[in-house]
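Trainee: Could we go through this structure together, one question at a time? I would like to learn how to reason from what is shown.

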Amino acid sequence: MKKLLFAILMFSGFSGFSQEMTEEIIFAHISKNITVAGETIWINLKALQGKEPSASKMAYVEMIDRNQKAVKQFIVPLVNGQAEAYLEIPGQLESDHYLLRLYTRTSPLIQKTGKGVFNQFITVINQKKPPVLRNTNPVKNKYSFEKPQANPNLIREHNINISSSSNIDIDRQGESNPFSLSISLVNPFLPEEYKGFIYQEIYHPQEKQTALVPELYGHIIHGKNLSPTIDTEETFFLSAHGKQSVLNTAKPDKNGNLFFEMGPLKTFEFLVAQSINFENQLNFSPQSPFLEMIFKEDFIFPDLVIEEKNKNFLLDLIASAQVSPYFYPIESNDFFPIVTGFVADRTYLLDDYTRFDDMETTLREYVPEVLVRKQDKKTVYKVLNSPINALFQENPLILIDGMPVFDTDKLAKFNPSNIQKLEVLTRDFFLNKDKFSGVISFSSFENDFGKFELPTNALYFNYWEIQKPKKLKSPHFNSQIGQANYPDFRTSLYWSNNLEQPSIRVTSSQVTGQFEVIYSFFNEEGRIVFHKDFLEVVD
């Protein structure tokens, strides 16, 4: 049985964050730049501040179409400024070129060299949705994309032409830095002037009022108080629920902005927003964590033009996509659990006691640290203040599976048959800028609030995905190379993001054509080393 715990996170926030933050440089190496709808592209993402890994704990990945619409968005946790991410291409996309965009919450806003947003074109083929020719008079690209430097010594003995299912040796010629390596079929549809990557020069500058939100501990959720009159002392609660839970609070600034620090929690199924003024209608709206970026008017997407001569190439590409889910396995993992909860002064396992039909009787009979009384026809709960051996006079912070409960009358009548555990904190409890008169926390058996009726004036909402880790079982994609009756239609021959050995042996597949060999790393000076070579696989 899975347990739903909760964590109370107390961070000082980012109000004291230095406005002299070192600029972040974002770089990504991708496994290939041409794919079929439904396939996966692997991404090695790196963020540096000077020569050191970025302090940011989250990065943002978007797939943008030619109409500036995001067709895919997700959040990637960074560890020491690095992440191995993956882009699962939506199956409904039409065949076209799309822009892959990566950045952190702050990297686009600290513009010194303008390297805070990484952009690279990828081509998507969908046999059910052919491309649409839009530019009958193609416009020349005015922007310069950075391309990997040619390195004709990457392939040992420089095997220009090799047969299918042959071995190829890749040599780094003495380089010692860990590096990323990809070998994939060359994209014939992306014009040469659009290959490589480009930074922020294709966008209009960010508006000055955009909030600088450094994510130094974990993801920060931005909300907005939409009330016509903003009370900057009103406390809002945001609880995230899943295998584990996190509760945090925030008070709005004069413009209604609220920022909730989620800390190390990276996986949750839904969120619940509430206000301390629970009897009033909640005027709260979650805000997208993805920054709005507007292309300059002279930045034009190239058209995707497919001709009859490309038929065999497309057949190979589609065949590879069809067999890869069955023969090229991927290992899926979950995030490690985090330390959650607070140190309770008393814990009660309710199955150890005779069950009663309502919570009020349960508390009266078994929990001497909590006094239940009626006051002005309302139920009040007074927790023992153990340091001074007296009762608090205000209601404590009450939680069910990490969600605050303010309707004390409803709680008193609630049947606790689905509640497993009760924890009581008998002292002052500080949560950010608020102080509570103790804590009463209930945990259910099934992580479902024990069937407690959820607050009517709360907002329940889903959120953007924080990507869970996945890894290829083999950097060769095909872990059964050379076995009889085992198809090998790989259009990507190799992918790894943290290689250290000086040479790599790779086996070509049954797919013929030109492949590009690309490796990259950051050197000791914090500069990108980005090299490539080519090989031709023939029958």
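Trainee: Leaving out residues up to four places away in sequence, which residues does His-97 touch?

Mentor: Happy to start there, and keep in mind that this is a predicted model. His-97 sits in strand 9, which covers residues 96–104. Once residues up to four places away in sequence are set aside, His-97 touches Phe-121, Ile-122, Thr-123, Phe-189, Leu-190, Pro-191, Phe-301, Pro-302, Asp-303 and Leu-304.

Trainee: Is His-97 buried or exposed?

Mentor: Buried means under 20% relative accessible area. The relative accessible area of His-97 is 0%, so His-97 is buried.

Trainee: Which side chain joins that of His-97 in a polar contact of 2.9 Å?

Mentor: Let's look at the polar partners of His-97. Its side chain reaches the backbone oxygen of Asp-303 at 3.3 Å, but that is a backbone atom. The side-chain partner at 2.9 Å is Thr-123.

Trainee: What about the other histidine, His-531: which side chain makes a polar contact of 3.4 Å with it?

Mentor: His-531 lies in strand 37, residues 528–538, and counts as buried at 16% relative accessibility. Beyond four places in sequence, its contacts include Pro-148, Gln-149, Asn-151 and Tyr-519. The side chain that joins His-531 in a polar contact of 3.4 Å belongs to Gln-149.

Trainee: Now the rings, please. Why is the pair of Trp-42 and Tyr-86 called tilted?

Mentor: Planes under 30 degrees apart count as stacked and those over 60 as edge-to-face, with the rest called tilted. The two ring centres are 5.8 Å apart and the planes stand at 55°, so the pair of Trp-42 and Tyr-86 is tilted.

Trainee: How many residues apart in sequence are the parts that this pair ties together?

Mentor: Trp-42 is buried at a relative accessible area of 2%, and Tyr-86 is buried too, at 4%. Trp-42 belongs to strand 4 (residues 40–49) and Tyr-86 to strand 8 (residues 82–88), so the parts tied together are separated in sequence by 44 residues.

Trainee: How many aromatic pairs does a search of the whole structure find?

Mentor: Ring pairs can also link up into a cluster, and one has Phe-121, Tyr-143, Phe-145, Tyr-194, Tyr-203, Phe-295, Phe-299 and Phe-301 among its members. Over the whole structure, the number of aromatic pairs found is 38.

Trainee: Let's turn to sheets. In the open sheet ordered 23-24-25, which strands stand at the edges?

Mentor: Three strands make up this sheet, and their pairing is antiparallel. An edge strand has a single partner strand, so one side of it is left without a neighbour; here those are strand 23 (370–375) and strand 25 (390–391).

Trainee: Which helix packs on that sheet?

Mentor: The helix covers residues 359–366 and touches strand 23 and strand 24. Its direction makes about 130° with that of strand 23, and it is helix 2.

Trainee: In the sheet ordered 22-28-31-26-27, which residue of strand 28 stands opposite Leu-349?

Mentor: This open sheet has five strands and mixed pairing. Strand 22 pairs with strand 28 (residues 419–425) in the antiparallel sense, over four bridges. Opposite Leu-349 in strand 28 stands Lys-421.

Trainee: One last thing: over which residues does pLDDT stay under 50?

Mentor: The protein averages a pLDDT of 87, and 90% of the residues score at least 70. The stretch where pLDDT stays under 50 is residues 1–19.

Definitions and conventions. Residues numbered from 1 in each chain as written. Predicted model: local features only at pLDDT ≥ 70, side-chain atom pairs only at ≥ 80, totals over all residues. Heavy atoms only, no water. Pairing = 2+ DSSP bridges. Helix = DSSP H or I, 4+ residues; strand = E, 2+ residues; numbered from the N terminus. Contact = heavy atoms within 4.5 Å. Axes fitted to C-alpha atoms, helices over the stretch in contact; angles between N-to-C directions. Phe/Tyr/Trp six-rings, centres within 6.5 Å; stacked < 30°, edge-to-face > 60°. Buried < 20%, exposed > 50% of the residue type's maximum accessible area, 1.4 Å probe, protein only. pLDDT = per-residue confidence, 0-100. Polar contact = N/O pair within 3.5 Å; in protein donor to acceptor, adjacent residues only side chain to side chain.
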